[in-house]
Amino acid sequence: MSVTKSTEGAVAVKLDLMSPPESAKKLENKDSTFLDESPSESPGLKKTKGITVIQALIHLVKGNMGTGILGLSLAVKNAGILMGPLSLLVMGLIACHCMHILVRCAQRFCKRLNKPFMDYGDTVMHGLEASPSAWLQNHAHWGVVEAVNSTTNNCHSNETVMLTPTMDSRLYMLSFLPFLVLLVLIRNLRILTIFSMLANISMLVSLVIITQYITQEIPDPSRLPLVASWKTYPLFFGTAIFSFESIGVVLPLENKMKNARHFPAILSLGMSIVTSLYISIGTLGYLRFGDDIKASISLNLPNCWLYQSVKLLYIAGILCTYALQFYVPAEIIIPFAISRVSTRWALPLDLSIRLAMVCLTCLLAVLIPRLDLVISLVGSVSSSALALIIPPLLEVSTFYSEGMSPLTIFKDALISILGFVGFVVGTYQALDELLKSGDSPLFSNSTTFLQ
């Protein structure tokens, strides 16, 4: 995050009075840009440059449009052809509502404390401090929270395909590591807008290709169950909430906008676009492939250049916006870490942490074979807490002293309970399936030969 510039003398005086973590944040960001005229800003802060409404919308859509959408068809299978789309719609509405709650709470604390901006961790921390519970007030620091090969030239399906092993796919993953390291060195959201735009274009093209294929020859939907077994529904919950979990980028985007008063409308528009795409792709994919749907819908596409280009487009899209996804955890971890060292070691420590975080994500991708279960597990563990459990409780702790209607308190409690139940059941089911899954493909990568 960034703050408006002040004179060097004023900065020096303020830093002497700040705690080490806050001082580090101010030092790191005092020369960056910040968008004022936010409802959460204090009067007297002067305007500086920031991202526009269109740029914020691009970042918001891209923040949601990751690999999660490719697994939603399997999620719909785990819920049922009727229950799945309805659950996605409800989950999208609840996720958008929780994002609005987070923005309102951050704005309220900015006004109370006369601060220019707040991130997710700061908002939760001040929410705990404002709660009536003395125990929560003493543990307010808990608020600092985080996280194509085998192609042919023919797209006909009546050919015999023989798979032979080629280079291990894990080596392909490692080959992208140097590019990811370079990308995470970009820390300016205005520059990242270019990459987000490229990623949105590439993913839009890939979704168009997927849609035009899955809408062909859709079988009779009556063979599909309206409601799936209750045992598989927790897997749906984890996958779906993983896809909707972009709440971490909401406050950074609002803080960086030129006029943050427009952000609630941008948030509603962006989440409406995302939810519509999720329901469409998830439902059509399950209708087209039925019980044969795989963990990623791209694995159901024919082995020809047109449909295999979907993978290439997604590779390009994810590669372009890795830095955007990296932005939030980096803003939480790095300022806290460099506040513990002298200025001389701040930059080396910053770069070391970035390198370590990138290597960790790459290592996890190499070591974990079951993408579908990992998505469900991560969604159940972290996404449910960040997107469903914490925001409603934060609203209660923020506005309870000002008076809240019993209906609002009941609504917040219901959403948090829903998130907690999904967290417990989804985590158990995903771990159970992950531990029981010992089967892996014979070859991790392959080349296609036609006969």
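## A first look at this helical model

Of the protein's 451 residues, 48% count as buried. Keep in mind that this is a predicted model. The protein has 18 helices and two strands. Its accessible surface adds up to about 21600 Å², and carbon and sulfur atoms own 68% of that.

**Transmembrane regions**

An unreviewed UniProt entry gives the feature "transmembrane region" to residues 81–103, 193–215, 235–253, 265–289, 309–330, 351–368, 374–394 and 414–431. Here is how two of those stretches look in the model:

| Residues | Helix | Strand | Distance between end C-alpha atoms |
|---|---|---|---|
| 309–330 | 95% | 0% | 32 Å |
| 414–431 | 100% | 0% | 26 Å |

**The nonpolar cores**

Now for the inside. The largest nonpolar core has 79 residues, and the members touching the most others are Met-65, Ile-69 and Ile-210. Helix 5 (residues 83–113) supplies the largest share of this core, with twelve residues. Another core, of 14 residues, lies apart from that one, and Phe-326, Ile-353, Met-357 and Val-358 are among its members.

Which residues does Ile-69 touch, once those up to four places away in sequence are set aside? The list runs to Leu-207, Ser-243, Leu-277, Tyr-278, Ile-281 and Tyr-314.

**A serine tucked inside**

Tyr-314 turns up again when you look at Ser-206, which is in contact with Val-310, Leu-313 and Tyr-314, leaving aside neighbours within four places in sequence. Ser-206 itself sits in helix 10, which covers residues 189–214. Is Ser-206 buried or exposed? Its relative accessibility is 0%, so Ser-206 counts as buried, the cut-off for that being under 20%.

**Cysteines without bridges**

How many disulfides does the structure hold? The count is zero. Take Cys-96: the nearest cysteine sulfur belongs to Cys-98 and is 9.4 Å away. A disulfide needs the two sulfur atoms within 2.5 Å, so that pair doesn't qualify.

Cys-96 is also buried, because its relative accessible area is 13%, and the limit is under 20%. Cys-110 is buried as well, with a relative accessible area of 1%.

Conventions. Residues are numbered from 1 along each chain as its sequence is written. This is a predicted model: local features need pLDDT of at least 70, side-chain atom pairs count only at pLDDT 80 or more; totals for chains, interfaces and linings use all residues. Side-chain values use heavy atoms; hydrogens and water are left out. Helices (H or I, at least four residues) and strands (E, at least two) are DSSP runs, numbered from the N terminus. Buried means under 20% relative accessible area, exposed over 50%, partly exposed in between (1.4 Å probe, protein chains only). Contact means heavy atoms within 4.5 Å. A nonpolar core is a set of buried Ala, Val, Leu, Ile, Met, Phe, Trp, Tyr and Cys residues joined through side-chain atoms within 4.5 Å. UniProt positions are given in the numbering used here, feature names are shortened, and annotations may be inferred rather than shown by experiment. Accessible areas come from the Shrake-Rupley method with a 1.4 Å probe; for residues, only the protein chains shown count as cover.
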